[in-house]
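Okay, everyone, thanks for squeezing me in. I've got a short one today, so let's put it up on the screen and have a look.

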Amino acid sequence: TCLNNLALLYDAVGRYDDAEELYQRALTTYETALGPNHPDTATSLNNLALHYDAQKRYDDAEPLFERAVTICERILGQAHPRTATSMSNLATLYSHQRRYDDAETLFQKALAVFETAFGTDHGNIAVTVNSLANLYWLQGRRREAEPLYKRALEIHQKVHGPDHPRTVACRKRLAEATRDRADERTSQSDA
């Protein structure tokens, strides 16, 4: 945990090589101490994969995310929130790779797990709904994206309050989406 926390700090301040070394050391430590198929090993795999994904090192990230999902499904089950988190991380990678159908399937699975586990108003649900909205937006599926942005914003406001960075970012994205949709409608009526 300390290695992962220090790696997160190094990532945050731009010391990427140092962060990568610590993520790899943490993974080796978990694999040695707990075994290659332990949920904490899966978390460590996710952390290293997120590091790679942020650097657009998708080929390095993908097998780690996939392994994390496999471990979580096997050990915790498909309906466990940690499994859903791993699925959501892999879905984000797929979105970055423009594998939109694969991403959508995983986001929807993760969302279903989170809703079953946490109800309708939970931070993980807001993040996943927002990610699904982003995916739809990237595909030009604006009508489907806008209500998801609204739902994510409502949840963020309930869970975090109106001034939390996630709420502010979601509000901004919704405003952009609403403006773009209005521009689309204007363009269509002018044509």
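**Helix packing and two loop residues**

So, helix 1, residues 2-12, packs against helix 2, residues 16-34, at an angle of about 160 degrees, and their axes sit 8 Å apart. Keep in mind that this is a predicted model. Now, anything over 145 degrees counts as roughly antiparallel, so that's what we call helix 1 and helix 2 relative to each other. As for handedness, these two helices cross in a left-handed way.

Who's making the contact? From helix 1 you've got L3, N4, L6, A7, L8, Y10 and D11. Helix 2 brings in Y16, D18, A19, L22, Y23, R25, A26, T29 and Y30. And how does that contact split by residue type? We get 11 nonpolar residues, two polar and three charged.

Okay, over to the backbone. Most residues other than glycine have a negative phi. Here's one that doesn't: K56 isn't a glycine, yet its phi is positive, about 65 degrees. Where is K56? Look in the loop between helix 3 (39-54) and helix 4 (58-75). Is K56 buried or exposed? Exposed, with a relative accessible area of 62%.

Then there's R98, also not a glycine, with a positive phi near 65 degrees. You'll find R98 in the loop that runs between helix 5 (81-96) and helix 6 (100-118). R98 comes out at a relative accessible area of 64%, so we call this one exposed too.

That's me done, happy to scroll back to any of it.

Technical notes:
Residues are numbered from 1 along each chain as its sequence is written. This is a predicted model: local features need pLDDT of at least 70, side-chain atom pairs count only at pLDDT 80 or more; totals for chains, interfaces and linings use all residues. Side-chain values use heavy atoms; hydrogens and water are left out. Axes are lines fitted to C-alpha atoms, for helices over the stretch in contact, and angles run from 0 to 180 degrees between N-to-C directions. Helices (H or I, at least four residues) and strands (E, at least two) are DSSP runs, numbered from the N terminus. Angles under 35 degrees count as roughly parallel, over 145 as roughly antiparallel, 65 to 115 as roughly perpendicular and the rest as oblique. A crossing is left-handed if the near helix is turned anticlockwise from the far one by less than a right angle, and right-handed if clockwise. Contact means heavy atoms within 4.5 Å. Ala, Val, Leu, Ile, Met, Phe, Trp, Tyr, Cys and Pro count as nonpolar, Asp, Glu, Lys and Arg as charged, and the others, Gly among them, as polar. Buried means under 20% relative accessible area, exposed over 50%, partly exposed in between (1.4 Å probe, protein chains only).
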